[in-house]
Each structure stands twice: as C-alpha cells, then as structure tokens.
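This briefing goes through one predicted protein model for a reader at the bench. The points are grouped by topic.

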Amino acid sequence: MVARIRARRIFSFGNPYPTMTSASKLPARAWQIVALLFFVGLLNYLDRVMITTMRGSLKEAIPMTDAQFGLLTSVFLWIYGVLSPFAGFLADRFSRSRVIIVSLFAWSAITWLTAHATTFNELLFARALMGISEACYIPAAFALIADYHRDRTRSLALGLHNAGIMVGSGLGGLGGLIAERHGWTLAFELFGIVGVVYGAVLIWGLRDPVPNAAPTGAIATPVHFGAALASLLSRGAFHLVLLYAALLGIAGWAVVGWMPTYFSAHFKLSQGSAGMSATGYLQAATLVGSIFTGWLADRVSRYGERQRILVPLIGLSIAAPGVLLAANTTVLPFAIAGLIIYGFTRIAADVNMMPLLCLVSDSRYRATGYGLINCCSCLIGGLTIYAGGALRDANVELDKIFSFAAGGLICCAGLLVIIRRITARTSSP
C-alpha cells in the first residue's frame, strides 16, 4: 500500500514541493544556452551520421568493401572515444564555451574537407580528423548545461539538447537523398559551410556562467588531469557507469551504423528510402522521448535524486523488445514500429547520463567524467560497427548484431538496479 501511494505521488501532476526551485525561476540565460547548443548538437550528429546513409553512392565513387565502409565510422568512434577524456578535461580546466566554439569551427571545416577526398585512405584520414575535432563537444556541452541547470531542471535541459542531436541524426538521411540526386560530396560541402557560419553566431552568444551564478560545487580552483582521473576511478559506482555506457554503445551504434543498410537489403528499399526509414522515424520518436523522459526524470527526482534512475531503467527494459521487433519481422511497418518504440524509450538513458554521473562523481570533474563515458561507449560502438561490416562480408545477417544489442540493453537495466542501490545514501550534488 505504501509503495502504491508513493508511486502515485511520483507520477502525479501536482507539485508536491511548491517551494522548490522550478524551471520558471531559472534565469533566461540558462534556457538560452540550451537553445544555442540545440543547433550545435544538431550539426554535430548530422555531420557525423550522414555518411552512413550514402553507402551506395560512396562505394560507387570510391571503391571499398563493406568492412572498409564500416571502418569509416569505426575509426571516427575510436579516435573520438580515446580523446574524449582529455577533451573533457580541457572543458573542466578552461572555458567550456570556448572549447565548444573551437570544436564547431574545426569539425565544420573538416566536414567541408571530406568532400574533396578522392581515395579511401583520404576519406579515412578525414574521418579520423573528424573524430579529433568532435571529441571536444559533448563533454563540454553537457557540463555547461549542468552548470546552468540545477537538479530540478537538469534532465529536461539535457533532454532538449538531446532533441537537437536527434534532429541532426534524423536529418542524416538527407545525406543519402542528396547523394542520390547530386553526388555524395555536396552534402559535406553544404553542412560544413553552415557550421562555420553558426560558429560565428556562438562567438557572440555563448558564455560560461559567471562565478556568482554558478551552482553549488562549481569549479573554483584549477583542475589537473591526473587528479580528475584519480577521483573518478576511485569510485566503484563510476566503474559500473563505464560498463553501462559501453553496453549502451553496442546497441546505439549498431542501430545508427547499420540499420539503414539492413533496411535497404531486407526490405529491398532504395538508398534514400532506407536511410529515411531507418533514421527519420527513429529520430522523430527519440526527439519526443528525449523531452518527455527528461521532464519525467526531473519530476521523479523530487523524491530523491537517485529516483531519477528509475526512468532509464524502465525505458531500457522496453527498448530491448523494440530492437528485436525491428530486426525480426518481414513487415516494414512493424519494423518501423519497433524502431519507434526503441527510440522513444532508449533515449532516457542518454538524457540521464550526465545526471547519473553527477550522482557518482565530484562536480569539478563532470566533463572529464563524461569524456571517459564517451570513451567506453565509442570504443565499443566502433568495434560493433566494424564487426557488422565484417559479418556482412562473411554473409552473416545483421539481425544477429541487433539481437546481441537488445541483450546489452537488458544488461544495462540490471546495472542501473545495482547503481541505484549503491547510491541509496548519496545526496544530490
């Protein structure tokens, strides 16, 4: 009876604590930062994902095997992942906003440069440079949002930012469409120029919070990389978060990297139609889920910060069957429905990754900690994408990869149960 009453309170629409800080009481600047970063996140994922939707056009222009095609994304992820901890440290040590702006200028220029590759090795080198330049963005952006937003609006703010990422991922399908009609180079040239122009806008509008407006625990002294690593890795719960991130990377990058190819082969769709079917519906569902699960997690956190973990735990338990449905049906609408279920529920894990990190780490090292999380996720994700290409070359169906990914999501839900118990007596940062 007590448990039922508590559950009704958590998911009710009334505010049980009217005196708590609410989103409406935050400075407008805090939401302006989210709005500015929405479009940076959009460009970040659009530029990295669109190559996966133009496989046919790219292989026609630059001959390569499926394993080599997978390697284009894998190399990006491996370099991106390895550099993420140091990139996060730069954001902790110096200005988060300046790191973001430099990163945007760099990856936009490299996106434009990619269009001028004429051999596989040149293309691979451009993707490696893309991994270096983009590594600095996500840790700095998430930490900057966490600096501006206190606990009661943190997940929603991150969810809105993630919505931009999802829009960018969904628009990645434009790469395939543009490649079909105008050649594969045009999309890289176009979006590279857009990124440089928007970088100029950020110079004017993006700022770190001033010291007296920063949340409790904001950086007051210089941060050192060794001290940050020692602090993070000394906590057992943080090790579990790293394992959790690695397993999430398997599922996330398997779907993003190979679902367009799977739809094209399994349902006999054209390159453009497969790209839009595999990314458009998925990212639309993920966009809505990002905002909803962010709002819901903030609401649940009113009853204790660790209660926020319940939202991704339930979400992942639903996302796994969604992947299995998408990968094990011969009916295209059912496959799309599976992707929608997966996208709407799995995003709860991404939205609440930074809040989860805040539970198990020192607030001074949030960007460095998120860099380590990115490292684990991307190294495993890159291996997953390369393995998918190798399996295709060996005539092994991609549905085996997707089934393995679904199992990883269930394991992630189990890890969240353990982390929630470990943090039972941890106070909100």
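Phe-263 lies in helix α12 and is buried, with a relative accessibility of 0%. Helix α12 returns below, in the core and in the lining of the largest cavity. The model is predicted.

**Phe-263 and Leu-339**

- Beyond its neighbours within four places in sequence, Phe-263 is in contact with Lys-268, Leu-269, Ala-274, Ser-277, Ala-278, Leu-332, Ala-335, Ile-336 and Leu-339.
- Ala-335, one of these contacts, is 72 residues from Phe-263 along the chain, and the two C-alpha atoms are separated by 8.9 Å.
- Leu-339, another of the contacts of Phe-263, belongs to helix α15 and is buried at 1% relative accessible area.
- With residues up to four places away left out, Leu-339 touches Val-255, Met-259, Phe-263, Ser-277, Ala-278, Leu-282, Gly-322 and Ala-326.
- Between the C-alpha atoms of Leu-339 and Ala-278 there are 7.8 Å, while the two residues are 61 positions apart along the chain.

**Overall make-up**

- The protein has 18 helices and zero strands.
- Buried residues make up 57% of its 429 residues.
- Among contacts with a separation of 6 or more, 86% are between residues 24 or more positions apart.

**Nonpolar cores**

- The largest nonpolar core holds 130 residues, and the members that touch the most others are Leu-37, Ile-100, Tyr-244 and Phe-263.
- Helix α12, residues 236-266, supplies the largest share of this core, with 18 residues.
- A second core, separate from that one, has five residues, among them Leu-296, Ala-297, Val-300 and Ala-348.
- Apart from residues up to four places away in sequence, Ile-100 touches Leu-37, Val-40, Tyr-137, Ala-140, Ala-141, Leu-144, Leu-202 and Leu-206.

**Cavities**

- Three cavities of 30 Å³ or more are counted, and the largest holds about 530 Å³ of space.
- The lining of the largest cavity consists of 29 residues, and those nearest its centre are Tyr-45, Met-166, Trp-253, Arg-346 and Asp-350.
- At least two lining residues of the largest cavity come from each of α2 (28-49), α7 (137-148), α8 (151-171), α12, α13, α15 (332-351) and α17 (366-393).
- Helix α12 gives the most to this lining, with six residues.

**Asn-162**

- Asn-162 sits in helix α8.
- Asn-162 counts as buried because its relative accessible area is 3%, under the 20% limit.
- Outside its neighbours within four places in sequence, Asn-162 contacts Phe-142, Ser-290, Ile-347, Asp-350 and Val-351.
- Asp-350, one of these contacts, is also among the residues nearest the centre of the largest cavity.

**Arg-308 and its loop**

- Arg-308 is in the loop between α13 (271-300) and α14 (310-327).
- Is Arg-308 buried or exposed? Arg-308 is buried, with a relative accessible area of 3%.
- The side chain of Arg-308 makes polar contacts with two side chains: that of Glu-305 at 2.8 Å and that of Ser-301 at 3.3 Å.

**C-terminal segment**

- Ala-424 is in the segment after α18 (399-422) and is partly exposed, at 39% relative accessibility.
- Ala-424 and Arg-306 are 118 residues apart along the chain, and their C-alpha atoms are separated by 6.8 Å.

**Cysteines**

- How many disulfides are counted? The count is zero.
- A disulfide is a covalent bond between the sulfur atoms of two cysteines.
- The closest cysteine sulfur to that of Cys-411 is in Cys-412, at 7.1 Å. A disulfide needs the two sulfurs within 2.5 Å, so the sulfur of Cys-411 is too far from that of Cys-412 for a bond.
- Cys-411 is partly exposed, at 46% relative accessibility.
- Cys-358 is buried, at 3% relative accessibility.

How values were computed: Residues are numbered from 1 along each chain as its sequence is written. This is a predicted model: local features need pLDDT of at least 70, side-chain atom pairs count only at pLDDT 80 or more; totals for chains, interfaces and linings use all residues. Side-chain values use heavy atoms; hydrogens and water are left out. Helices (H or I, at least four residues) and strands (E, at least two) are DSSP runs, numbered from the N terminus. Buried means under 20% relative accessible area, exposed over 50%, partly exposed in between (1.4 Å probe, protein chains only). A polar contact is a pair of N or O atoms within 3.5 Å; within protein, one must be able to donate a hydrogen and the other to accept it, and residues adjacent in sequence count only if both atoms are side-chain atoms. A nonpolar core is a set of buried Ala, Val, Leu, Ile, Met, Phe, Trp, Tyr and Cys residues joined through side-chain atoms within 4.5 Å. Contact means heavy atoms within 4.5 Å. On a 1 Å grid over the protein atoms alone, a cavity is a set of points where a 1.4 Å probe fits but cannot get out, and a pocket is an open set with protein on both sides within 12 Å along at least five of seven lines; lining residues have an atom within 4 Å of a point. Grid points are joined across faces, edges and corners, and a volume is the space filled by probe spheres set on the points.
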